[in-house]
Amino acid sequence: MTTPFKPAAKAAAEEAERIHRIRITLSSRNVANLEKVCADLIRGAKEKQLKVKGPVRMPTKRLTITTRKSPCGEGTNTWDRLQMRIHKRLIDLHSAADVVKQITSINIEPGVEVEVTINDVA
């Protein structure tokens, strides 16, 4: 009689070997740090001979605040225009989940946010 459930260790091994579509989303206010992390990720993926697409440069978000310079409202109407730009990059990989852990263990620059999304290949 065979059991319909696989042992946990065997199921975990098959899960690690299955090819996944992995999307790495990087965002930062500093373009130089962002590009450095992108280059390091892509270099690591190409050393492991994975399919890599990217970095795809998404449109820059510009968050602006316009405020009066004068705290009391008196005087000349002078305005400060403050702006924060958020840059975003997407990298797509086709690989097993355990390989991605090795690739993403690089030194990430300060101020760079990394988000990893794993999907099954249909």
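Me: Why is Arg43 called partly exposed in this predicted model?
Reply: Arg43 has a relative accessible area of 46%, and since buried means under 20% and exposed over 50%, with partly exposed in between, Arg43 counts as partly exposed.

Me: What makes the contact of Arg43 with Asp40 a salt bridge?
Reply: The side chains of Arg43 and Asp40 meet at 3.0 Å, N to O, and because a side-chain nitrogen of Arg within 4 Å of a carboxyl oxygen of Asp is what the term requires, the pair qualifies as a salt bridge. Both residues lie in helix α2, 3 residues apart, which is about one turn of the helix.

Me: How do you know that Asp40 also forms a salt bridge with Lys36?
Reply: The closest N and O atoms of Asp40 and Lys36 are 3.6 Å apart, and because the cut-off is 4 Å between a Lys nitrogen and an Asp oxygen, this pair too is a salt bridge. Lys36 and Asp40 both belong to helix α2, where they are 4 residues apart, about one turn of the helix. Lys36, Asp40 and Arg43, together with Glu109, are linked in a network of salt bridges.

Me: Is Asp40 buried or exposed, and why?
Reply: Asp40 has a relative accessible area of 16%, and because buried means under 20%, Asp40 is called buried. For Lys36 the value is 42%, which falls between 20% and 50%, so the term for Lys36 is partly exposed.

Me: What makes the pair of Glu35 and Arg89 a link between distant parts of the chain?
Reply: The side chains of Glu35 and Arg89 meet in a salt bridge at 2.8 Å, N to O. Glu35 stands in helix α2 (residues 31-47) and Arg89 in strand β3 (residues 79-95), with their positions 54 residues apart, so the pair links distant parts of the chain. The structure holds 7 salt bridges.

Me: Why do Glu35 and Arg89 receive their respective accessibility terms?
Reply: Arg89, with a relative accessible area of 7%, is under the 20% limit and is therefore buried, whereas Glu35, at 25%, lies between 20% and 50% and so counts as partly exposed.

Me: How do you know that Ile108 is accessible enough to belong to a nonpolar patch?
Reply: Ile108 has a relative accessible area of 33%, and because patch residues need over 30%, Ile108 meets that requirement. Ile108, placed in the loop between α3 (97-103) and β4 (112-120), forms the surface patch with Val114, Val116 and Ile118, and together they have about 280 Å² of accessible area.

Terms used. Residues numbered from 1 in each chain as written. Predicted model: local features only at pLDDT ≥ 70, side-chain atom pairs only at ≥ 80, totals over all residues. Heavy atoms only, no water. Patch = residues over 30% accessible without salt bridge, like charges linked within 9 Å, V, L, I, M, F, W, Y side chains within 5 Å. Areas by Shrake-Rupley, 256 points an atom, 1.4 Å probe, with all protein chains shown as cover. Helix = DSSP H or I, 4+ residues; strand = E, 2+ residues; numbered from the N terminus. Buried < 20%, exposed > 50% of the residue type's maximum accessible area, 1.4 Å probe, protein only.
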